[in-house]
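Student: I would like to learn how to read a structural model feature by feature, starting from the ligand and working outwards. Could we go through one together, with the general idea placed before each case?

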Amino acid sequence: MSRIPRKAHYGIDAPLVPLLMALGVLLCVGIAVFGHAPAWWPSAAILAAVLALFLHASLRGKFVAWRRILRALAWRGDEQVLDLGCGRGAVLTMVAACVPRGRVTGIDIWSSKDQSGNGPRAAADNAAAAGVAGRVALQTADMRELPFADASFDVVVSSMAIHNIGSTAGRDTAIDQAWRVLRPGGLLLIVDIQHARQYQVRLRTLGAAAGRRGLGWGLWWGGPWMSTQLVSARKAGDPGLGGQPPSAPGR
Ligand SMILES: C[S@@+](CC[C@H](N)C(=O)[O-])C[C@H]1O[C@@H](n2cnc3c(N)ncnc32)[C@H](O)[C@@H]1O
């Protein structure tokens, strides 16, 4: 009998980071209590706030932001979508709900350092729990070497994934690949930390009028020093697939 998961579990992003933060909180509290050093309480409180912001971004903020982004688009319903670094499928399943007659392909290298419990099985279970398994395909692939023909997808999305590529050249290659597999008129949406400006610049060198905007405190991964941005670009050509980009290009 096949296993039917009842509830989706999307894991925690970069799980080592909140673990170290939690250990830091415990250490500060321990010194304050057992070392009779009340001067450590403010450090414990600040670290706890940083931890709370990180967990909020991973468990709630990411979902709220993507729901807003996806709702702002005029979906036709039969789009072919690619999710770069889909992980356990948080965005994959939300996009699949937008394309009842379409298909969403998620590719990943399934790093559990980047997301707890990562793997194609977890993503497949979550797609089943969301009732979208029939229109989801999962594939092991590196976003720097996409195994798809040029112009294969109407929409390409990527959430919190491209920054995991360590080198500037590698991230540029991922952007080039995302642009290559996008159809004329298609839409690219990237939500990420740290390197959003690099993605925008790279897209502009490819001829795209790429826009970029911040996504607010709900996606602060610990504080404003680790904020998240949306980069969006539409490829020239017949528009209408995936609606309009949710940020004004040209910033
Ligand atoms: C922080 S997780 C985000 C997962 C998912 N997009 C989400 O928002 O929940 C980053 C994902 O990027 C994947 N990843 C990292 N480098 C990759 C690469 N070069 N190619 C494909 N996926 C990659 C990781 O395995 C991980 O699943």
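Tutor: Let us begin with residue classes: Ala, Val, Leu, Ile, Met, Phe, Trp, Tyr, Cys and Pro count as nonpolar, Asp, Glu, Lys and Arg as charged, and the others, Gly among them, as polar. Please keep in mind throughout that this is a predicted model.

Student: With those classes, how do the residues of the shell around the ligand divide?

Tutor: They divide into 11 nonpolar, 7 polar and 6 charged residues. The ligand is surrounded by 24 residues, of which G85, G87, S111, S159 and A161 are the closest. Two of the elements that each supply at least two residues of this shell are α3, residues 90-98, and β2, residues 103-108.

Student: Before going into those elements, how many helices and strands are there in the protein chain?

Tutor: The protein chain has 6 helices and 7 strands, and from the N terminus on their order is α-α-β-α-β-α-β-β-α-β-α-β-β. The radius of gyration is 19 Å, close to the 18 Å that the globule rule gives for 251 residues, so the chain is as compact as a globular protein of that length. Along the principal axes, its C-alpha atoms fill a box of roughly 70 × 55 × 30 Å. As for contacts between residues at least 6 apart in sequence, 72% of them join residues at least 24 apart.

Student: What share of the residues of the protein chain count as buried?

Tutor: Of the 251 residues, 44% count as buried, the criterion being 20 or more other C-beta atoms within 10 Å of a residue's own. In soluble globular proteins, nonpolar side chains tend to be buried together. Here the largest nonpolar core has 65 residues, and L92, V95, V156, A178 and L188 are those with the most contacts inside it. The helix that gives the most to this core is α2, residues 41-71, with 9 residues.

Student: Why is α3 described as largely enclosed by the rest of the structure?

Tutor: The description follows because 8 of its 9 residues are buried, namely A90, V91, L92, T93, M94, V95, A96 and C98. The cover over these buried residues includes α2, β1, β2, α4, β3 and β4. If we set aside residues up to four places away in sequence, V95 touches L70, V81, D83, V104 and V157.

Student: How should I read the length and the buried residues of a helix such as α5?

Tutor: For the length, compare the expected span with the model: at 1.5 Å a residue, the 13 residues of α5, residues 168-180, should span 18 Å, and the end C-alpha atoms are 18 Å apart, which agrees. For the buried residues, recall that an α-helix has 3.6 residues a turn, so residues three or four places apart point the same way. In α5 the buried residues are R171, D172, A174, I175, Q177, A178 and W179, and what covers them includes β1, β4, β5 and α6.

Student: Which backbone angles deserve a second look?

Tutor: Most residues other than glycine have a negative phi. A151, although not a glycine, has a positive phi of about 55°, and M160, also not a glycine, has a positive phi of about 55°. A151 is in the loop between β3 and β4 and is partly exposed, with 15 other C-beta atoms within 10 Å. M160, in the loop between β4 and α5, counts as buried, with 24 C-beta neighbours inside 10 Å.

Student: Is Y10, in the segment before α1, buried or exposed?

Tutor: Y10 is buried, with 22 other C-beta atoms within 10 Å. Leaving out residues up to four places away in sequence, Y10 touches R88, A90 and N126. The C-alpha atoms of Y10 and L59 are separated by 8.0 Å, while the two residues are 49 residues apart along the chain.

Student: And what does the loop between α1 and α2 show about A39 and W40?

Tutor: A39 lies in that loop and counts as exposed, with 9 C-beta neighbours inside 10 Å. W40, found in the loop between α1 and α2 as well, is partly exposed, with 16 other C-beta atoms within 10 Å. Apart from neighbours within four places in sequence, W40 is in contact with C28, I31 and A32. Sequence separation and distance should be read together: W40 and A72 are 32 residues apart in sequence and 45 Å apart in space, C-alpha to C-alpha.

Technical notes: Residues numbered from 1 in each chain as written. Predicted model: local features only at pLDDT ≥ 70, side-chain atom pairs only at ≥ 80, totals over all residues. Near = placed C-beta within 6 Å. Helix = DSSP H or I, 4+ residues; strand = E, 2+ residues; numbered from the N terminus. Rg over C-alpha atoms; globule rule 2.2 N^0.38 Å. Buried ≥ 20, exposed ≤ 12 C-beta atoms within 10 Å, placed from the backbone. Contact = placed C-beta atoms within 7 Å. Expected span 1.5 Å × (residues − 1). Core = buried A, V, L, I, M, F, W, Y, C linked by C-beta atoms within 7 Å.
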